Amino acid sequence: MAILGLRHAALPTRDLARGIAFYRDFLGFAAYHDRDADWAMLECGGTSISLIRTPASPSPPEGGPSRAFHPSHLGITVSTPEEVPALHARLSQAGQSVGKIETHRDGSQGFYALDPDQNQLEIIFIPAVSLKDSSWFPAQEAIIVLAHGSSDPRWRETLVRLTDRFRRNLPPGTPLELAYMEFATPDFGQAAESLLRKDNAIRRVHVLPNFLSSGGHVSKDLPALVDFARQQHPDREW
């Protein structure tokens, strides 16, 4: 069993928007899950803060510890989803107080438990955190995110934010470039050359198309670009 450590703390808040703004604007945290009215996740330096909107006097839960009753807790992250039920069974068999296993809205899976002093813990598998800490993406591999492109800088802002969020969920230092098919730079070839100039150890480049539909650019133009890259760099995999 691989415990990755204490990776997040959950804090109650009366005003979710105010809490997000505080940690983002003053302390440099970036929100990576902020679509819900009652819950948000922020990240900085490999540590997450979960902000949970809560009433002044929550009611005690039925069936064991839960976020609904006591939002303040420490999050212990495990490296694989299979470890969640395994640790749940181990604690249950030892007579420890545990809640039910739940899947959350960001794809994480876990359960709440109490230590001997009634401090609440959350044992959880978080895909973004766990993958960042694992060896699932070898150091000699790189990524090109390829989008259509536009001459309007406001259109590109969305792609830049999306790529930055994707970058935060990769192992630190993973080579990644955002490229465009047309109307903006860098194009695919420029991005590929930039990656290989920065890191000569790269041996495989993954291309992730980011298009609204699989039209001509995806079915015809992209394979031709990849084939040309293979010809230019036959010592790499594309």
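## Helix α6

The expected span of a helix is 1.5 Å times one less than its number of residues. In this predicted model, helix α6 covers residues 216-232, and its 17 residues reach 23 Å from the first C-alpha to the last, which is close to the 24 Å expected at 1.5 Å a residue. The helix nevertheless has a kink of about 30 degrees at L222, shortly before the proline P223.

L222, where the kink lies, is also one of the buried residues of α6, the others being V226 and A229. An α-helix has 3.6 residues a turn, so residues three or four places apart point the same way. The cover over the buried residues of α6 includes strand β9 (141-147), helix α5 (188-198) and strand β11 (204-210).

## Overall architecture

The secondary structure of the protein amounts to 6 helices and 11 strands, and of its 238 residues 40% count as buried. Among contacts between residues at least 6 apart in sequence, 61% join residues that are at least 24 apart. The protein exposes about 13,200 Å², of which carbon and sulfur atoms supply 54%.

One pair of residues separated in sequence is L87 and I123, which lie 36 residues apart along the chain and whose C-alpha atoms are separated by 8.2 Å. L87 belongs to helix α2 (residues 83-93), and it counts as buried because its relative accessible area is 10%, where the cut-off for buried is under 20%.

## Salt bridges

Side chains of opposite charge can pair when their charged atoms come close. The structure holds 7 salt bridges, among them one between R204 and E237, whose side chains meet at 3.1 Å, N to O. This pair links distant parts of the chain, since R204 is in strand β11 and E237 is in the segment after α6, 33 residues apart. Both partners are partly exposed, R204 with a relative accessibility of 32% and E237 with one of 45%. Strand β11, which holds R204, is also included in what covers the buried residues of α6.

A further salt bridge joins the side chains of D235 and R236 at 3.0 Å, N to O. Here D235 is partly exposed at 45% relative accessibility, whereas R236 counts as buried because its relative accessibility is 11%. Salt bridges that share partners also join E141, R204 and E237 into one network. Another of the salt bridges is formed by D152 with R154, the closest N and O atoms being 3.1 Å apart; D152 is partly exposed, with a relative accessible area of 25%, while R154 counts as exposed at 63% relative accessibility.

## A nonpolar surface patch

On the surface, F22, F26 and L27 form a nonpolar patch, and together these residues have about 340 Å² of accessible area. F26 is located in the loop between helix α1 (16-25) and strand β2 (30-33). With a relative accessibility of 65%, F26 counts as exposed, because the cut-off for that class is over 50%.

Note on methods: Residues are numbered from 1 along each chain as its sequence is written. This is a predicted model: local features need pLDDT of at least 70, side-chain atom pairs count only at pLDDT 80 or more; totals for chains, interfaces and linings use all residues. Side-chain values use heavy atoms; hydrogens and water are left out. Helices (H or I, at least four residues) and strands (E, at least two) are DSSP runs, numbered from the N terminus. The bend at a residue is the angle between axes fitted to the seven residues ending there and the seven starting there. Buried means under 20% relative accessible area, exposed over 50%, partly exposed in between (1.4 Å probe, protein chains only). Contact means heavy atoms within 4.5 Å. Patches are made of residues with over 30% relative accessible area and no salt bridge: like charges are joined within 9 Å, nonpolar side chains (Val, Leu, Ile, Met, Phe, Trp, Tyr) within 5 Å. Accessible areas come from the Shrake-Rupley method with a 1.4 Å probe; for residues, only the protein chains shown count as cover. A salt bridge is a side-chain nitrogen of Lys or Arg within 4 Å of a carboxyl oxygen of Asp or Glu.
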